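Reader: I keep meeting words like "buried" and "antiparallel" in class, and I never know where they come from. Could we go through one structure and ask how each label was earned?

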Amino acid sequence: MNCRREFSNVTKTYLCTFYDILEDMVAKMEGAGLTNSLSNTFIDQMIPHHEGAIKMSRNLLQYTTCVPLQKIAANIVDEQTKGIENMQRIRERCGEKTNSAQDLCLYQRKFQRITQAMCLEMSNACSVNDINVNFMREMIPHHRGAIRLSENALCYPICPELLPILQSIITSQKKGIREMEHLLRCVG
């Protein structure tokens with residue numbers, strides 16, 4: 001579907017920054033080395049995912065005057081910064097939980113499919129001359145990706161300290177999706 005229109009300079013700047021952030025995020029996620037610990041591998045992949053959401057939210061916050069969306073974006077920055085800190089805190093201990101080569105292979109294949117689908121959906125989000133709408137159309141698939149990546153990790157034996165982090169990602173991302181879908185309906 002081609003829904004490109006004439007964009008303001010602000011929208012062009014916002015979108016160019018978004019695409020740079022997306023490309024960097026995916027490169028870092030896919031570049032995370034596969035270790036013998038699925039827990040460590042997940043952490044190494046999810047940290048750039050969270051960093052991408054923080055950067056995307058800060059990009060939006062430079063321009064938006066939509067108060068509900070400012071709150072959503074600020075919440076993303078806060079929650080995902082805490083999530084990164086929590087993952088970094090447990091990373092070394094979680095490396096002690098190792099996985100079989102088969103589990104690692106199956107996990108990684110699904111990770112790649114989820115990441116590719118998320119990136120495609122984010123980069124193909126219908127851009128309009130409204131950065132608020134663009135952000136939500138981009139961030140909803142980003143959140144869905146985090147949910148799927150977390151659910152994928154839950155299919156395998158993982159470090160017990162990682163479990164509450166995965167549950168928190170799933171819960172907070174589902175809540176964020178609901179909020180953005182509601183706001184999109186209101187502005188759409």
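Author: Here are some labels, each set against its cut-off. Keep in mind that this is a predicted model.

Reader: Let's start with the disulfide. How do you know that Cys94 and Cys159 are joined?

Author: Look at the sulfurs: they are 2.4 Å apart in Cys94 and Cys159, and a disulfide calls for sulfur atoms within 2.5 Å. The pair passes, so it counts as a disulfide. A search of the whole structure turns up one disulfide.

Reader: And what makes that disulfide left-handed?

Author: The torsion about the S-S bond of Cys94 and Cys159 is about -65°, so the disulfide is called left-handed. The bond ties together distant parts of the chain, 65 residues apart: Cys94 sits in helix H3, and Cys159 sits in the loop between H5 and helix H6. Cys94 and Cys159 are both buried.

Reader: What about Cys119, is it in a disulfide or in none?

Author: In none: the nearest cysteine sulfur to that of Cys119 belongs to Cys16, and it is 16 Å away. The limit is 2.5 Å.

Reader: Why is Cys119 called partly exposed?

Author: Its relative accessible area is 22%. Buried means under 20% and exposed means over 50%, so a value in between is partly exposed. That is where Cys119 lands.

Reader: Then why does Cys155 count as exposed?

Author: Cys155 has 57% relative accessibility, and the line for exposed is drawn at over 50%. So Cys155 gets the label exposed. As for bonding, the closest cysteine sulfur, in Cys105, is 15 Å from that of Cys155, which is too far for a bond.

Reader: Now helices. How do you know that the length of H4 agrees with its number of residues?

Author: H4 has 23 residues, and at 1.5 Å a residue they should span 33 Å. The sum uses one less than the number of residues. The end C-alpha atoms of H4 are 33 Å apart, so the two agree.

Reader: Which residues of H4 are buried, and what covers them?

Author: Among the buried ones are Leu104, Phe111, Ile114 and Met122. The cover includes helix H1, helix H2 and helix H5.

Reader: Why are H5 and H6 called roughly antiparallel?

Author: They pack at an angle of about 155°, with their axes 9 Å apart. Angles over 145 degrees count as roughly antiparallel, so H5 and H6 earn that name. The crossing of H5 past H6 is left-handed.

Reader: And what makes H1 and H5 roughly parallel?

Author: Their angle is about 10°, and their axes are 11 Å apart. Under 35 degrees counts as roughly parallel, so the label fits H1 and H5. Where they meet, H1 brings residues including Tyr14, Phe18 and Met25, and H5 brings residues including Phe135, His142 and Leu149.

Reader: Two last ones. Why is Gly176 called buried?

Author: Gly176, found in helix H6, has a relative accessible area of 8%. The limit for buried is under 20%, so Gly176 is buried. Its C-alpha atom is separated by 9.8 Å from that of Met136, 40 residues apart along the chain.

Reader: And how do you know that Ser37 is buried?

Author: Same kind of check. Ser37 has a relative accessible area of 1%, and buried means under 20%, so Ser37 is buried. It lies in the loop between H1 and H2. Beyond its neighbours within four places in sequence, Ser37 is in contact with residues including Cys94, Lys97 and Leu104.

Conventions. Residues are numbered from 1 along each chain as its sequence is written. This is a predicted model: local features need pLDDT of at least 70, side-chain atom pairs count only at pLDDT 80 or more; totals for chains, interfaces and linings use all residues. Side-chain values use heavy atoms; hydrogens and water are left out. Helices (H or I, at least four residues) and strands (E, at least two) are DSSP runs, numbered from the N terminus. Buried means under 20% relative accessible area, exposed over 50%, partly exposed in between (1.4 Å probe, protein chains only). Contact means heavy atoms within 4.5 Å. Axes are lines fitted to C-alpha atoms, for helices over the stretch in contact, and angles run from 0 to 180 degrees between N-to-C directions. Angles under 35 degrees count as roughly parallel, over 145 as roughly antiparallel, 65 to 115 as roughly perpendicular and the rest as oblique. A crossing is left-handed if the near helix is turned anticlockwise from the far one by less than a right angle, and right-handed if clockwise.
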